[in-house]
Structures are given as C-alpha cells and as structure tokens.
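Here is a short report on one chain. Please look over the sequence and the model first.

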Amino acid sequence: MEQTPFILPQMLAPFYKRLINWFTDLVLIFLLTVALGLTGNYLADAYGIEYLRMGDFVVENSKINFFYFFCSIMFYGLFESYLQRTPGKFLTGTRVIRLDGAKPTEWNILLRTLLRFIPFEALAFMGAFPIGFHDSLSRTLVIDIYKYERELQRQRYKQQKTDI
C-alpha cells in the first residue's frame, strides 16, 4: 500500500513562480473577457440581440465586472479541475494538489477560485511561505512539480529500504 506523501515546505512553488502564474492567468482571463465582450457587443449591433451587449469596457461597468468574475470562475474551474494546472502553472512547472497530495476535488477548486476574490488576499503571500488564503482555506497547495516528484521518489526509496 502506497503511503500518502509528506508535503515539505521546499516542495512548494516559490513566490516568483506564483507571481508569474498570477500575472499570466490574469492577462489570459482579461483577454478572454474582452474577446467575449466584444463578440457580445458585435452580436448586439449586428443582429439586435441586446441581452448580449456588454457596453463600454470601463471599470464602472458592472456587467463587464460580473462577466470578468464569471470568466475567472470558468477559467480556473476548468483548468484546475481537469488538469490541476492553468496556463501560468504550465509555464512555471507548478500544479495544485490537496494537502494530502491527492488531486483536488471540484469543491476544492470552486472554493479556491471564489476565495481569490477576497480583498487583500495577496497580503497572505507576505509570510515565510507562499501560501495565500485561497490555498489555506481550500486546503490546497501549489507545488513545484520537479521538486515534488523528486521528493516522492526519495520517500519511496526510503520506504523500500525500510521494508526489506
């Protein structure tokens, strides 16, 4: 029977990788929001489907803000639920796991995604380890895949030696 891996602090993705993940995903979600919003505006103008009209892309536009929130939930939800990784995480070689090392459930990912919108959530990264509120409250971690796999191999090797 395989033992649950013990997650060590050095297995966590470092702050700079988390920052790259955030920025990459932020840009992609923004571009997705703009592309779909412009498509909605075009369809409203061309075919008179007014409920698809997003309006102007300004901060005060609550319809755009809600749509950005919706795109974020879909983006993180789909990528992290199915692949455990967003495009930013693919870029940096990181992925999301539960505290026990297992793949996160859809509930973990939904909670994680919603918690990203906590005001001042980024301040949680100012501690010794790069763990945000959206990590700790959803009981997930972002790990560096290379360091994680290397440590798992070391733990398995150590376990085999003790089993002999």
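## Ile-7 and its surroundings

This is a predicted model. Beyond its neighbours within four places in sequence, Ile-7 is in contact with Ile-97, Leu-99, Gly-101, Leu-141 and Tyr-148.

Ile-7 also belongs to the largest nonpolar core, which has ten residues in all. The other members are Leu-8, Met-11, Leu-12, Ile-97, Leu-141, Ile-143, Ile-145, Tyr-148 and Leu-152. Two elements give two or more residues to this core: β2 (140–144) and α6 (145–163). Helix α6 gives the most, with three residues.

There is also a second, separate core. This one has seven residues, including Ile-29, Met-54, Ile-64 and Phe-75.

## The strand pair

Strands β1 and β2 run antiparallel and are joined by five bridges. One pairing to find on screen is that of Arg-98, whose bridge partner in β2 is Thr-140.

Strand β1 spans residues 94–98. Four of its five residues are buried, so the rest of the structure largely encloses β1. Strand β2 is mostly covered too, with five of its five residues buried. Both faces of β2 are covered. Thr-140, Val-142 and Asp-144 lie on one side, Leu-141 and Ile-143 on the other, and all are buried.

## Helices α1 and α2

How do the axes of α1 and α2 cross? Helix α1 covers residues 15–47 and helix α2 covers residues 62–83. Their axes come within 9 Å and cross at roughly 125°. The two helices are therefore oblique to each other, since that angle lies between the 115 degree limit for roughly perpendicular and the 145 degree limit for roughly antiparallel. The crossing is right-handed.

On the α1 side, the contact is made by Asp-25, Leu-26, Leu-28, Ile-29, Phe-30, Leu-32, Thr-33, Leu-36 and Gly-37. On the α2 side, Ile-64, Phe-67, Tyr-68, Cys-71, Ser-72, Phe-75 and Tyr-76 take part. Ile-29, Ile-64 and Phe-75 are thus named both in this contact and in the second core.

## The α1–α2 loop

Val-58 sits in the loop between α1 and α2. Is Val-58 buried or partly exposed? Its relative accessibility is 39%, so Val-58 counts as partly exposed.

Val-58 and Leu-99 are 41 residues apart in sequence. In space, 39 Å separates them, C-alpha to C-alpha. Leu-99 is one of the residues in contact with Ile-7.

## Two residues with positive phi

Phe-120 has a positive phi of about 65°, although it is not a glycine. Phe-120 lies in the loop between α4 (106–115) and α5 (133–136). With a relative accessible area of 65%, over the 50% cut-off, Phe-120 is exposed.

Arg-139 is not a glycine either, yet its phi is positive at about 60°. Where is Arg-139 placed? Arg-139 is in the loop between α5 and β2. At 53% relative accessibility, Arg-139 counts as exposed.

Methods: Residues numbered from 1 in each chain as written. Predicted model: local features only at pLDDT ≥ 70, side-chain atom pairs only at ≥ 80, totals over all residues. Heavy atoms only, no water. Core = buried A, V, L, I, M, F, W, Y, C linked by side-chain atoms within 4.5 Å. Buried < 20%, exposed > 50% of the residue type's maximum accessible area, 1.4 Å probe, protein only. Contact = heavy atoms within 4.5 Å. Pairing = 2+ DSSP bridges. Axes fitted to C-alpha atoms, helices over the stretch in contact; angles between N-to-C directions. Parallel < 35°, antiparallel > 145°, perpendicular 65-115°, else oblique. Left-handed = near helix turned anticlockwise from the far one by under 90°.
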